Every structure is written in C-alpha cells, then in structure tokens.
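I opened a new page for this one and wanted to get my bearings. My plan was to go through strands, helices and pockets in turn.

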Amino acid sequence: MEETALAPIGPRSVALRTVDELMAFAQMVADSPFAPKNFTRRDGTLRASDIALAIHYGMEVGLTPLAAIQSIAVINGKPSLYGDALLGVVLASGLLEDRQETPLEEIERTGIAKCTGKRRGVPSPVTSSFSMKDAQRAGLVSKDGPWKGYPARMCQMRARSFALRDLFAD
C-alpha cells in the first residue's frame, strides 16, 4: 500500500489534498470506532463515501475532518451542521456581533427558548424561538435520545440554529 503524507493545518488537523487521500482517510474512519452512528445506513452498512462527503462539506465551511464527522448529519437528504458546530463556524467568521440566549433554567420553567443574534454590518438583529410545543408538534419529544434527556438544551439549540441560519445563510 502506498504511503500518503498528510500536511498539518496548524496544530489541530491534517490537510487532505486529493480525493484519494480523502477516501483513504474516510475508510480509516469507517474502520474505527470514530465513525458516528448517523453514518450507518438502515441496512447496517457503513460507507466511506458518506464519511468522505461529510468531511468535504465540513472542509468547505472550515471544520477539520474529525470535527466534520462529529458535527454533520444528513437530514432529509441535506447535509446540516448540528450541535455547537454551527455556532463554532459562525464565531470563526468574526461576523457575529452579539448573541443573547434564554438561560436553560428559564427554558425549563417556561418551555420556550429564544436566541437573538446581530451580524456585523446588518442593521437589525434576528430573533428566533423554539418551544416544547414546537418540539411536540414536530414529533421530537417522543424520540429516544437527547430530546428525552435534555429537552431545554435541545430547544435552546433549535432556537440558536434558526437564528444563526437566518443571519448566516452564506
């Protein structure tokens, strides 16, 4: 097997310069416990090509390869950043002027999360909200996973992602 040299991007990552390097790295991830469950298909298979595409998408928005596979999920056929990765990408852009979020304690009490963001150079801030009623309507509350264990945090993340996506569609 031919050795492939990977060049570091600063102290945190490697640079994947060719499709062959990307596929070799993706196969290495697929063969390891680093591959998140969301890359396992319904038939139980895990494809390096799915991982490679997530890494490539992540590279396009500034994520390292391992951060990409931990922070990208395909939802309704579209790759999406989830969790804190969206906020990380926005913060790295330097364009977020201000962000205010409802504290978790208040969300637990009221069932409503709000996030207001202000983008540099845009005159008006954007506010988005997400409530437990919204989560129930969307069928999220009954799903196993974080909605059952951390409903306030999940509402917070939804409100945040809506506000940031409205402000930073680019």
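I began with strand β6 (residues 112-119) and its link to β5: five bridges join the two, and they run antiparallel. I picked out one pair by name, Glu101, whose bridge partner in β6 is Cys115. A note to self before going on: I'm reading a predicted model here.

Next I looked at the sheet these strands belong to. It is open, has three strands in the order β5-β6-β7, and is paired antiparallel. Why do β5 and β7 each have one side without a neighbour in the sheet? I found that β5 (96-101) and β7 (126-131) are the edge strands with a single partner each, so one side of each stays free of a neighbour in the sheet. I also noted the twist: on average, neighbouring strands are turned by 15 degrees against each other, direction ignored.

Then I checked what lies over the strands. Helix α8 lies across β5, β6 and β7, and it runs at about 150 degrees to β7.

On to a helix pair. I looked up α1 (residues 19-30) and α2, whose axes come within 8 Å and cross at roughly 115 degrees. I wrote the crossing down as right-handed. From α1, the contact uses Leu22, Met23, Phe25, Ala26, Gln27, Val29 and Ala30. From α2, I listed Ala48, Ser49, Ile51, Ala52, Ile55 and His56. Sorted by class, that contact has ten nonpolar residues, three polar ones and no charged ones.

Pockets came last. The largest has a volume of about 1400 Å³. I counted 33 lining residues for the largest pocket, with Ala73, Val74, Ile75, Ser80 and Tyr82 the closest to its centre. Elements giving two or more residues to this lining are α2 (48-60), β3 (72-75), β4 (78-81), α7 (146-149) and α8 (151-167). Which element gives the most to the lining of the largest pocket? I got α8, with seven residues. By class I have 18 nonpolar, six polar and nine charged residues in the lining of the largest pocket.

The second largest pocket has a volume of about 370 Å³. Its lining has 16 residues, and Val61, Leu86, Phe168, Ala169 and Asp170 lie nearest its centre. I found β4, α4 (84-93) and α8 each giving two or more residues to the lining of the second largest pocket. The largest share there comes from α4, with four residues. My last tally for the second largest pocket was eleven nonpolar, two polar and three charged residues in the lining.

Methods. Residues numbered from 1 in each chain as written. Predicted model: local features only at pLDDT ≥ 70, side-chain atom pairs only at ≥ 80, totals over all residues. Heavy atoms only, no water. 1 Å grid on protein atoms, 1.4 Å probe; cavity = no way out; pocket = protein on both sides within 12 Å on 5 of 7 lines; lining within 4 Å. Points joined across faces, edges and corners; volume = space filled by probe spheres on them. Nonpolar A, V, L, I, M, F, W, Y, C, P; charged D, E, K, R; others polar. Axes fitted to C-alpha atoms, helices over the stretch in contact; angles between N-to-C directions. Left-handed = near helix turned anticlockwise from the far one by under 90°. Contact = heavy atoms within 4.5 Å. Pairing = 2+ DSSP bridges.
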